[in-house]
Amino acid sequence: MNLKNAIFNTSILTLSLFSFSSNAETLKVGTEPTFAPFEMQDSVSGEITGFDIDLIKAIAKAEGFDVEILNTPFDALIPGVVTGQIDVIASGVSITEERAKVVSFSTPYYKSGISAVIRVSDKDKYKKLSDFGKAKLCAQIGTTGANFAEELTNNVVRFNTVPEAFMELKNGGCEATLNDRPVNSYFLFKSGKDDFIELSDIGNGEDYGFVVSKKNQELLEKLNRGLLSVKESGIYDQLYSKWFSSDSASGE
């Protein structure tokens with residue numbers, strides 16, 4: 001092959017690769033990155049990371065999609081999918097009958113439950129969830145943690161983000177913060193257990209799923225197929241170990 005032909009063929013290969021990458025469909029993935037370890041934002045780089053983010057990227061790769069992560073308030077995520085501003089929600093969304101009336105959920109990818117974090121100084125006062133009675137509870141707006149708190153007391157304070165709810169607990173503004181258990185466990189891991197503890201009582205075992213519009217069943221099928229592929233390949237277990245190293249793999 002002469003030099004001219006070599007340059008020509010290399011150019012064709014480069015153009016082909018560029019054409020392939022530019023034709024890949026980009027999924028607009030909405031997430032609210034204050035739900036560690038499922039989604040969080042690095043305070044320095046601004047990068048959004050977490051179990052959900054790694055998992056949706058792995059699924060997208062298996063199905064030939066590019067991914068654009070969109071930082072979105074939690075209570076705006078489902079409206080964003082319904083209106084088409086977001087293709088997929090990857091934000092630790094619990095699968096509920098009420099939500100399933102307006103959006104479609106993927107195959108469950110994580111099983112969770114609601115737990116409560118209290119101050120160590122209150123450990124003799126609150127031993128189980130039913131002990132809260134009329135106590136003031138903190139939770140993030142629009143979450144199943146907030147819904148469950150309402151079942152325990154009429155005195156629930158809602159915040160836009162999980163860190164705000166924890167700060168209120170720390171400042172003595174409420175008696176407990178209710179979240180999905182992995183989120184509370186991550187908070188305790190980061191803050192230490194000298195000031196806060198988690199009640200052993202767990203409520204509302206629920207599954208997480210990715211969320212898409214009811215009008216986009218083709219995308220739903222691709223997500224489910226990609227999730228199955230990621231599980232069968234062992235990538236799911238690797239990601240689970242990365243973010244929940246103290247537990248055994250779950251999400252069945």
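Which residue stands opposite A176 in β11? L137 does, and the notes below set that pair in its surroundings. This is a predicted model, in which local features need pLDDT of at least 70, side-chain atom pairs count only at pLDDT 80 or more, and totals for chains, interfaces and linings use all residues. Residues are numbered from 1 along each chain as its sequence is written, and side-chain values use heavy atoms, with hydrogens and water left out.

**The protein as a whole**

- The protein holds 9 helices and 14 strands; helices (H or I, at least four residues) and strands (E, at least two) are DSSP runs, numbered from the N terminus.
- Of the 252 residues in the protein, 45% are buried, where buried means under 20% relative accessible area, exposed over 50%, and partly exposed in between (1.4 Å probe, protein chains only).
- About 13100 Å² of the protein is exposed, and carbon and sulfur atoms supply 51% of that area; accessible areas come from the Shrake-Rupley method with a 1.4 Å probe, and for residues only the protein chains shown count as cover.
- Among contacts (heavy atoms within 4.5 Å) with a separation of 6 or more, 71% link residues 24 or more positions apart.

**Strand β11 and its partners**

- Strand β11 spans residues 176-180 and is mostly covered, with 5 of its 5 residues buried.
- Strand β8 (residues 110-119) runs antiparallel to β11, and 4 bridges join the two; strands pair if DSSP finds at least two bridges between them.
- In β11, L178 has A116 opposite.
- Strand β9 (residues 137-140) pairs with β11 in the parallel sense, over 2 bridges.

**Helix α6**

- Helix α6 covers residues 162-170, and V162, A165, F166 and L169 are buried in this helix.
- Seen down the axis of α6, the buried residues fall within an arc of 95°, so they line one face of the helix; the arc is that of the directions from the helix axis to the C-beta atoms.
- As helpful background, an α-helix has 3.6 residues a turn, so residues three or four places apart point the same way.
- After α6 comes G172, which has a positive phi, near 85°.

**L219 in helix α8**

- L219 is found in α8, the helix of residues 217-232.
- Is L219 buried or exposed? L219 is buried, at a relative accessible area of 5%.
- Setting aside neighbours within four places in sequence, L219 is in contact with L27, F65, D87, V88 and V212.
- S106 and L219 are 113 residues apart along the chain, and their C-alpha atoms are separated by 9.7 Å.
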